[in-house]
Every structure is written in C-alpha cells, then in structure tokens.
Protein chains: 2
Amino acid sequence: MATIHDVATRAGVSRSTVSRFISGRGYVSPDARARITAAIEEIGFVPNAMARGLKTRRSSLIALLVPEIVNSFYTTILRGVEDVANRHGFQVIVGNTDETGAKERAYVELMIASQVAGVIVAAVGGTAASLEPLLQKRVPTVLIDRAIDGFEADIVKGDNVDGMAELARHLLSLGHRQIALVNGDLATAVAREREAGYRRALAEAEVAVDDALISSGDWFIDDAERRTSALLASGRPFTAILAANNFMAIGALRALRQRGLRVPEEIALACFDDIEQAAEIEPFLTVMAQPAYTMGTLAMQMLLERMGGHERGGRREIVLASHLVIRRSSGARDARPVQSGAVGNGRIAAAELVANGDDGSPSAEDVAVVALASVERGKEVSAFGTVTSIAKDAAPNRSVEGAARDAAATPRGDE
Amino acid sequence: MATIHDVATRAGVSRSTVSRFISGRGYVSPDARARITAAIEEIGFVPNAMARGLKTRRSSLIALLVPEIVNSFYTTILRGVEDVANRHGFQVIVGNTDETGAKERAYVELMIASQVAGVIVAAVGGTAASLEPLLQKRVPTVLIDRAIDGFEADIVKGDNVDGMAELARHLLSLGHRQIALVNGDLATAVAREREAGYRRALAEAEVAVDDALISSGDWFIDDAERRTSALLASGRPFTAILAANNFMAIGALRALRQRGLRVPEEIALACFDDIEQAAEIEPFLTVMAQPAYTMGTLAMQMLLERMGGHERGGRREIVLASHLVIRRSSGARDARPVQSGAVGNGRIAAAELVANGDDGSPSAEDVAVVALASVERGKEVSAFGTVTSIAKDAAPNRSVEGAARDAAATPRGDE
DNA sequence: GCTCCTTGTGGGAACGATTCCACAGCACAG
DNA sequence: CTGTGCTGTGGAATCGTTCCCACAAGGAGC
C-alpha cells in the first residue's frame, strides 16, 4: 500500500511537503504542487485514516445508535443524519442496539475506541449508565428521540405529550370513550410522555381513565401482540386502541386479526410514527407522523456545532411538532390524509410550512435550523412553533447560514 | 485519555505485558493479570483502535454499501450482515450510495482510507469502475444482490430469472396475457435477469412478448411512476403489471391511483421483494420474497472466510431461491399467503425448510451455509435446491461448523 | 557445570501520518 | 554589514499500539 513517503520520493520532495499539500496548510510551491499531484495519481495514493486519526485524534466517523434498525422511523432519521454528515465530510456508522442496554454499552465502548468524532443516540432507555463513558471521555454526543434522565446532552425529540394528546382527541372526537393504550417501555421517557398525553386528552374531555386499559412492556412487536391479546381477553370493554408507536400497532393488529376483529369497524386503531412505504401501498393506518428526516438533520447539525467547538453552552433541547395523518384504521368518515393546522398554543405543523414554502415563507427545515440557533439553555422550544419571529430576530451566524444552505440543497424531506 | 502506558505504570508492569494480556497471546502471570484488570477498571481504559489498526493493519470495521437505505430489503440484509459481524467482533458501517456511481466511488475511497477489514456491496451497477480500487488494494469484498460484469468477487444473490418467471407464471395462471413489466435500471444485472425471467415465462406459455409493454429506467419510485403513467397513456392494452422490485411497485401504484384504476379489479399487480411491515399492516401486495436476512448472513460469512484467509479459491456464487407470497394485489381467488412448494428443478423454498425444521431437517440457514462451503468455482448453486445431498457429502470443516453454530444462535429470520 | 526448555517479563522499533521547529535563500530596511 | 521578514522546504518527534527479540530465573537432562 502506497504511503506518503512513496509519494514524496516519487515527487522528489519531503514527506512534510506532501502532507502540507494534502492538508492544504503551509506553503507549497506551484512546482512541487504539480509534481505531488502527478505522483499521487500515478501510484493511487489514499492517505491512511488510521495513521492520520492517531496523530490528529480526529476521525471522520459519526456513530448513530438506534434501537431498531428495521423500523423505518429510525432509517429515515439515518437518512437525515447521513445527508448532513456527508456534506461535511463525515461518514456514518450505524449500530443497532436492539433495545438492549448491554449491546448499547458495547457499541459505546467500540465507538470510543474507534475515536469517532461524535455520537448520535436514540437511547435504549432507563439509566444513563451505558452512555456514561461518552460523558467521561468527552465525546460530543446528541440524543435523538429519547431523553435520558441525568444525561446532560443536546437533544432533538418529538413533542410526545401534545402529539399523543392530539391523537387521543382524534379518537375521542369520533365518539370513542374506552380507549386502550398499548404503550412501550416505561423506562423510556418517550413512553412516559406519550402516556401523559393520553391522560391529558382524556382529562380534558372529562373521560375517566381506566388504568386497566393501559398496558406497557417493551418496544417489540411480539410483546405488543401479547399484551393486546391480554387486553382483549380481560373482558374489559374498549372500542379503540392507541399504540405508542408503529411497531406496537403492528403487534396490536396481529392480535386483533387473530381474534377476527375488523379494524376499524369493530376496533379503531391509531399510533405514533408513520410507516411511509406501508401507507403508500395501502393508506390504512392513522398515525401521528414525526418529522424523522428533519430530526436527523437537526441532530447532526447540533453535533457539528459541538464538534467544531462553536457551541460551548449548556444543554439544548429542540422539540419538533408531529402531525396527524388520518387514514382508514381510526374509522374517521373523511379518511383522506389531512395536515393538522394550528394546534394548541399556536403551533404550525411541519407539513404546512413545507406546503406553503412557495410563497416565500421559510421551509420547515430552514425554520428548525433558525430555531435551533436560538434555543437557549433550559428553554424548551418548538421549532415549528415560534418560527417566524425567531427567524426575523435571530442574528444570522455562520453555522445557521451553513445549515440553511444545507437545508436548501437537500433534495428530499420527511414524507 | 488513558493509554496502555498508564495502565502499565499503575499495574507495575510494562506496556508489553498489558498488551499481551489484552490480546490474549503470550504469557502473563495470574498476579500481573489481576493487577492489570484492576488498573484497567480503575482508569476506564479503552484501547485506541486507531493506534491498533495502524500497527496491525487490521480493523474491526465492515462496510456495507447499499443503493437505497430506506428500502427494507436492504435494511433486512443489513440486519443479517450486522448479526454475523457483531458475533465475530466486527462492526458495520453503512454507506448509502443512492444509486449514484460517484457516491459509491467516494465511499469506496473512504472505506479504503479507513482500512476497513472488508466490504459488502450491493453495487450501483453498470461498470466495475467505482469498485475497482477495492480490487487494486486487495480489500476483501463480497457482492450482494447485484452482480457486476468484470468484477471478480464472491457473490450472494437471488435467483432473479426463476423468481421473475414464477411471478409471471402466477399472473399467467390467473388468465393475464398482456402483462406490463416495469423494470429497473438495465445497467444492473438484476434488471436484466428479471426481464429474462419474464420473457422465459411468457415464452413457455406461448404468449408473445410485446416489447412496448416493457419499460426500464432507474430504480427510483418517481421514475417508476412516470413510466407507468406513460404505459397507461400509450393506449397499449394490458391487464397486469409486474414490477421489478418493491419500490417500482409503489411507483406503479401511485400512477394507477392517480388514474383511479383499482388494483386488482382493473389492473393486477405483483413485484419482486417484499415489504414485510407493509404486509403486516395490510396484506396487499403479491410479491416474490427474497431471503434478505439470509443473504446478509451468507455474504458476511463469505467475507469472514476471505478476511481470515481460510478461503483462497476463485470466485464463489451463491444463488438463493425466493418464494411467492400471494396477496390481494394480483387478484388471485385464494389470497392467503402461500409458500411455494417444489418449483422447477426440484427446488425447495426457504420458508418450507424453516417450517419443517422441527422434524430434524436442516434449517434454511444451516443448509445455505453447508451449500456455501461446497460451492465450486464458476458453478452456480442454489442453496435451497441441492441441499440435503450436499449436506451429507460435504466434509465438515472449521468454517462450516462455525457458521452452523452461528446460524443456530440467530434469534430471528427473514420473515 | 553446561545447555536447553519453560515461564514470564521488558525494551524498543515499527506502523503512516501530522506538525513543530529549524533553516536556507533572498529581499530590503536601517 | 547586520538584522528582520518572507517563502519554501526538510528533519525529527510524536500519536498509542503491537510484536519481535532479548533476557532472567528456575528446573531438567546430560
């Protein structure tokens, strides 16, 4: 394998000169420059990233840890992360933690050993224990989707409470009063927040919560199926099921099919997180869709700022609104996809902003990026809420401009 | 960051001793052993993979290059690759080449610079140009799904000709005589093979092929939609569409919906490759399902053998049978999922083997692994065809035993 | 008593880049 | 004529491991 030394001798200069040429810092005469270029071309030299990384303590690797790689929600996040990372010369390693703390821990150790430049993690949940080495070794880290108590890091997440509340309101508006909740693992903040949203919507509608209709366990399809079967077998009456994510919905659907129950005629069903491809093939599942791609881009953007040392402040938190997509499974009369409008505290859904983009208003991505730059310590901000005012007031700085440019160059979005 | 030197001084031994302890070769007294363990624990030492890789010219990174990360076919392959890789202490980097040669080329260069231990690639197609550096630098490489002319490497692929022929036969058996083919990029072998299968089935049934009903372009959803629209607009009559993969089917479906055409009542539809999650939610699309997970495990297995130098022979090729899953979109009367039985030359479908596993017959994975070990140069072998006889005759060697053990420990399969 | 083997350990040279420092040549100011 | 600053280059140390080699202590065999 060709080394920088080979290039140097062939070009008749020293290793230092070649190194300066490659890195672009320091003086290199046009003459030497030409000879080095030729030499590199001739022997097909590719610098050894190991040697470089060893010396510089930098690498171009970004690690993304996800709990379930086959879930398209995480794949879409990966696309977002990857697109931004690649544009900045970074590559993405994906680790599938399979919802197990031990695997997560192993990956974290490996990432540290590999000297990754940064880590984005949708954590398995529960304790911060498996992520702790990241803090200890000061590896730039951004959380995505799932908050971890006691782990001080930037985070991009969905508005789980409001999202689930809106989803529940949808079912309530269709007349359902006994709504079962097939939740995920309560060790994850996501599950707790979604349950809170469910409770809030029911309380607002003055519907009593029946705790026997709330089921939690882990985030796997099989478990959701088992628990749904148990709910059905319990004899407790309910007319609708709210699943805490798309995989839980698949599990619930399995259990319902096994009993021959038709959806939505006999039991209505809705869930958090979309499965875009499934919806394309057959628009069936009513979902609260999260802007997964944008979540990925924003997380990577935050990570870049941390890695570059541009951002040294405290923990930042971006909360993104999701939007309701009504399809058949909830039994709504008008089962065409609807983009939710302003909901709750004047929030504007991502889809709307994108749709309105042609009239000069900012795209969802621009907006989120601007909001990102304006997030202050400890202050929770909805990127799709406080948008326009922030965009106008925020003094544009380098990282914001860069991100906006990136966003503009991005060919595809979330949906 | 703690180094091996810190550990050594703390434990009162030399770097060499610590190194021997970590790598597990060479003598280390129980006494030193205990002190080193304690020291590592105390200072939270994680060996620097860069330094190690620089010295050993080895890394624990496996690169997987896929053309479209959001397609669950490739995600499932990734799961297979990852599971086997992790079990052998390797990590997987995923690169999304987006069906573009330039991106593929860039990833290949990066992988070489990163000193990856091996590469598995579902190539963008056309020429071998972008992969050529892998050959030049002698990086162990295995192709998956897509063969590349002139690129001499092990490959795991589906039986595209037979698979597509069977899919066409299914439509023919339902009475369709004018069947449109929405193919992918003819620069990829996959597309050419699938077209060949389509032609073969029609020829066997003595149905004339109407070339105007065959459309090819690239592998993107949008293009398939455009081309399907064009076919519909052409006025050429057809009663069914065969899509070359799941994404093409989504594109076709979009075009059909736009024209208000019902599937399967007005036009029947079937495609190659399943989308498991979509099918779970609503069993709609009739597909020729490939054993994606197994493809991943086998590719990784072959790669391990190349990396370890156990295998030095010529190019090996494993061809896996796919199986027909009949759902609603093809308009078959009995629209329940069926596992195809023996088809053509005595081939046994993967699903059947797995289903029959309890009676002592080998699992699909065992079988494929055994077949793998027996593949001879230039000889095309269907892992699910010649199975039992090979299993009996093949002298078990180390790599086969190891792979079989791995297969047994694998918790989940393809479907 | 010498050699040989085993067990156990440490020294030091790599691996292939980066980067600090020194220095050569040259122009120009004081 | 000396000092200073600039351009352009090379030398050499360094990053954190691995691994070859040397060597020490102790026992066995001749």
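Which element gives the most to the surface near DNA strand C? The notes below come to that in point 4, after some groundwork.

1. **Ground rules.** This is a predicted model, so a local feature needs pLDDT of at least 70 and side-chain atom pairs count only at pLDDT 80 or more, while totals for chains, interfaces and linings use all residues. Residues are numbered from 1 along each chain as its sequence is written, chains are lettered from A and ligands numbered from 1 in the order in which they are written, and side-chain values use heavy atoms, with hydrogens and water left out.

2. **How the two protein copies relate.** Chain A superposes on chain B by a rotation of 180° with 0.1 Å of shift along its axis, at an RMSD of 0.3 Å (least squares on the C-alpha atoms of residues with pLDDT of at least 70 in both copies). The two copies are therefore related as by a two-fold rotation axis. The same surface serves both of them, since 96% of the contact residues of chain A recur in chain B; contact here means heavy atoms within 4.5 Å.

3. **The interface of chain A and chain B.** Each side brings a matching number to the contact: 57 residues from chain A and 57 residues from chain B. About 5200 Å² is buried between the chains, 59% of it on carbon and sulfur atoms (accessible area, with a 1.4 Å probe, that two parts lose on being put together, summed over both). Met50(A), Gln277(A) and Ile281(A) supply 15% of the area that chain A buries against chain B, more than any other three residues. The interface also holds 10 salt bridges (a side-chain nitrogen of Lys or Arg within 4 Å of a carboxyl oxygen of Asp or Glu). One of them joins Glu282(A) to Arg257(B), with the closest N and O atoms 3.9 Å apart. Polar contacts link 20 residue pairs across the interface, both residues at pLDDT 80 or more (N or O atoms within 3.5 Å; within protein, one must be able to donate a hydrogen and the other to accept it, and residues adjacent in sequence count only if both atoms are side-chain atoms). Among the elements of chain A that each supply at least two residues to this side are helix H5 (72–87), strand S2 (91–96) and helix H11 (246–258); helices (H or I, at least four residues) and strands (E, at least two) are DSSP runs, numbered from the N terminus. By class, the side of chain A that touches chain B has 28 nonpolar, 16 polar and 13 charged residues (Ala, Val, Leu, Ile, Met, Phe, Trp, Tyr, Cys and Pro are nonpolar; Asp, Glu, Lys and Arg are charged; the others, Gly among them, are polar).

4. **DNA strand C.** To return to the opening question, H4(A) gives the most to the surface near this strand, with 5 residues (near means that a heavy atom of the residue lies within 4 Å). In total 27 residues surround DNA strand C, the closest being Ile4(A), Ser19(A), Ser14(B), Ser29(B) and Arg57(B). Sugar and phosphate make up 57% of the strand's atoms that come within 4 Å of the protein. Two serines of chain B meet phosphate oxygens: a polar backbone atom of Ser14(B) at 2.8 Å, and a polar side-chain atom of Ser29(B) at 2.7 Å. The surface comprises 10 nonpolar, 9 polar and 8 charged residues.

5. **DNA strand D.** Here too 27 residues surround the strand, with Ser14(A), Ser29(A), Lys55(A), Arg57(A) and Ile4(B) the closest. Of the strand's atoms within 4 Å of the protein, sugar and phosphate account for 58%. A polar side-chain atom of Ser16(A) lies 2.9 Å from a base oxygen of DNA strand D, and a polar backbone atom of Ile4(B) is 2.6 Å from a phosphate oxygen. Helix H2 (15–23) and helix H4 (49–56) of both chain A and chain B each supply at least two residues of this surface.

6. **Within the chains.** Over all chains the salt bridges come to 60. In one of these, Arg10(A) pairs with Glu42(A), the closest N and O atoms being 2.4 Å apart. That pair links helix H1 (residues 4–11) to helix H3 (residues 30–43) of chain A, with the partners 32 residues apart.

7. **Backbone details worth a look.** The peptide bond from Val263(A) to Pro264(A) is cis, with omega near 5°, and Pro264(A) sits in the loop between H11 and strand S9 (268–272) of chain A. In chain B the bond from Val263(B) to Pro264(B) is cis as well, with omega near 5°. Glu99(A), in the loop between S2 and H6 of chain A, has phi near 60°, a positive value in a residue other than glycine.
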